[in-house]
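Subject: Structure handover and notes

Hello,

Here is the structure for your files. My notes follow below it.

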Amino acid sequence: MRPFWNVFALAATLTLSACHSATIAATVSNRSGEPLTLVEIDYPSASFGTQTLAAGQDFHYRFKVIGSGPTTVLWTDSAHHDRKVSGPALREGDEGKLTVTFNSRAAPTCSLQLINRPGAN
């Protein structure tokens, strides 16, 4: 009976101290009043995006940063012009929220709120 309790205690300890992976919760919002196509966010080692983003629509994505470097926002506007702007830099292990907001007649704004990174906020 004792080995059962040892295994049970070990399993409970592992469950309660579950591994936590640092991720960035990204939200891309279209407040421009016009549809956008081919919206892409490049970040160190990968990218994500959506084929279309209607006016007023939000797109959510969660990712893990591997490596360090800048982010880049790419999209095609309603006049079918390809656009590109630089976003904030990310470092491996960063955790928090990234918000990219497209507004009318202006470049998108990026807001990065990180957890536990000195000088990040």
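Leu-74 has Lys-84 as its bridge partner in strand 6. This is a predicted model, and everything below is computed from it. The bridge belongs to the pairing of strand 5 (residues 69-76) with strand 6, which is antiparallel and runs over seven bridges. Another bridge to strand 6 takes Pro-70 to Ala-89. Between strand 5 and strand 6 lies a hairpin connection of five residues, and His-80 in that turn has a positive phi of about 65°.

Strand 5 and its sheet

Strand 5 has a second partner in strand 2: the two pair in the antiparallel sense over four bridges. In this pairing Asp-42 stands opposite Thr-72 of strand 5. Strand 2 (residues 36-43) is also joined to strand 3 by seven bridges, again with the strands running antiparallel. There, Leu-36 has Leu-53 of strand 3 as its bridge partner. The hairpin of strand 2 and strand 3 has two residues between the strands, and Ser-45 takes a positive phi near 80° in it.

Put together, these pairings give an open sheet of four strands in the order 3-2-5-6, with antiparallel pairing. Strand 3 (46-53) and strand 6 (82-90) are the edge strands, each pairing on one side only. Neighbouring strands of this sheet are turned against each other by 15° on average, direction ignored. As for burial, six of the eight residues of strand 5 are buried, so this strand is largely enclosed by the rest of the structure.

Trp-75 and Leu-38

Is Trp-75, in strand 5, buried or exposed? Its relative accessibility is 8%, and because of that value it counts as buried; the cut-off for buried is under 20%. Leaving aside neighbours within four places in sequence, Trp-75 is in contact with a list of residues that includes Leu-36, Thr-37, Leu-38 and Val-39. The same list holds His-81, Asp-82, Arg-83, Lys-84 and Val-85, together with Phe-102 and Pro-108. Thr-37 is 38 residues away from Trp-75 along the chain, while their C-alpha atoms are separated by 6.2 Å.

Leu-38 lies in strand 2. Leu-38 and Trp-75 are 37 residues apart in sequence and 5.3 Å apart in space, C-alpha to C-alpha. With a relative accessible area of 47%, Leu-38 is partly exposed. Not counting residues up to four places away in sequence, Leu-38 touches Thr-50, Gln-51, Leu-74, Trp-75 and Thr-76.

The other sheet

There is also an open sheet of four strands with the order 4-1-7-8 and mixed pairing. Strand 4 (58-63) and strand 8 (109-114) stand at the edges with a single partner strand each, so one side of each has no neighbour in the sheet. The twist from one strand to the next averages 15°. Within this sheet, strand 1 (residues 24-31) and strand 7 (residues 96-103) pair in the parallel sense over eight bridges. One of the bridge pairs is Arg-31 with Asn-103 of strand 7.

The largest pocket

Which residues line the largest pocket? The lining consists of Ser-32, Glu-34, Leu-36, Trp-75, Asp-77, Ser-78, Arg-83, Phe-102, Asn-103, Ser-104, Arg-105 and Ala-106. By class, these residues divide into four nonpolar, four polar and four charged. The space in the pocket comes to about 240 Å³. Several names from the sections above recur here. Trp-75 is part of the lining, and its contacts Leu-36, Arg-83 and Phe-102 also belong to the lining. Asn-103, the bridge partner of Arg-31, is another lining residue.

The chain as a whole

The chain has one helix and eight strands, and along the sequence they follow the pattern α-β-β-β-β-β-β-β-β. Buried residues make up 33% of the 121 residues. Of the contacts between residues at least 6 apart in sequence, 54% join residues at least 24 apart. The pair of Leu-38 and Trp-75, 37 residues apart in sequence and in contact, is one example.

Regards

Terms used. Residues numbered from 1 in each chain as written. Predicted model: local features only at pLDDT ≥ 70, side-chain atom pairs only at ≥ 80, totals over all residues. Heavy atoms only, no water. 1 Å grid on protein atoms, 1.4 Å probe; cavity = no way out; pocket = protein on both sides within 12 Å on 5 of 7 lines; lining within 4 Å. Points joined across faces, edges and corners; volume = space filled by probe spheres on them. Nonpolar A, V, L, I, M, F, W, Y, C, P; charged D, E, K, R; others polar. Pairing = 2+ DSSP bridges. Axes fitted to C-alpha atoms, helices over the stretch in contact; angles between N-to-C directions. Buried < 20%, exposed > 50% of the residue type's maximum accessible area, 1.4 Å probe, protein only. Contact = heavy atoms within 4.5 Å.
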